[in-house]
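Please look over the sequence and the model shown below, and then follow the helices and the core in turn.

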Amino acid sequence: MAKIQVYATSWCPYCNRAKALLESKGVTWDEVDLDEEPGRRQEMIERTGGRTSVPQIWIDGDHVGGCDELMALDAAGRLDALLQGNA
């Protein structure tokens with residue numbers, strides 16, 4: 001199973017949508033809640049090369065992007081393999 005990390009906020013509809021997709025796939029993830037740890041936003045920005053929007057998602061250390069990119073991977077039929085660690 002792949003290691004998934006999500007930087008998110010509780011009030012963001014895109015964060016909730018991305019997490020709902022991950023949940024529907026039966027996977028777990030490590031979440032960095034930027035509401036509770038606002039100091040980690042700079043860490044996220046540096047890791048993404050400047051992206052400031054949430055969510056920001058990594059699968060096995062590879063930056064996937066945000067909600068739209070996660071949904072696009074699923075629509076293309078590529079997300080399941082990534083989540084299983086078979087990229």
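In this predicted model, a good place to begin is helix α1, where Cys15, Ala18, Lys19, Leu21 and Leu22 are buried. These residues lie on the same side of α1 because they cover an arc of only 155 degrees around the axis. The face turned away from that buried side carries Pro13, Glu23 and Ser24, which are exposed. The helix itself runs over residues 13-24, twelve in number, and spans 16 Å from its first C-alpha to its last, close to the 16 Å expected at 1.5 Å a residue. After α1 comes Gly26, with a positive phi near 75 degrees.

What do the buried residues of α1 pack against? Their partners are the strands β1 (4-8), β2 (30-33) and β3 (56-59), together with the helices α3 (67-75) and α4 (79-83).

Helix α2 (41-48) can be read in a similar way, for Met44, Ile45 and Thr48 are buried there. They cover an arc of only 100 degrees around the axis, and therefore sit on the same side of α2. The cover over these buried residues includes β1, β3 and β4 (62-65), and just after the helix Gly49 takes a positive phi of about 75 degrees.

The largest nonpolar core has 25 residues, of which Ile4, Ile57, Ile59 and Leu70 touch the most other members. At least two residues of this core come from each of β1, α1, α2, β3, α3 and α4. Taking Ile57 as an example, and leaving aside residues up to four places away in sequence, its contacts include Ile4, Val6, Ala18, Val64, Cys67 and Leu70, as well as Asp62 and His63.

How values were computed. Residues numbered from 1 in each chain as written. Predicted model: local features only at pLDDT ≥ 70, side-chain atom pairs only at ≥ 80, totals over all residues. Heavy atoms only, no water. Helix = DSSP H or I, 4+ residues; strand = E, 2+ residues; numbered from the N terminus. Expected span 1.5 Å × (residues − 1). Buried < 20%, exposed > 50% of the residue type's maximum accessible area, 1.4 Å probe, protein only. Arc of directions from axis to C-beta. Contact = heavy atoms within 4.5 Å. Core = buried A, V, L, I, M, F, W, Y, C linked by side-chain atoms within 4.5 Å.
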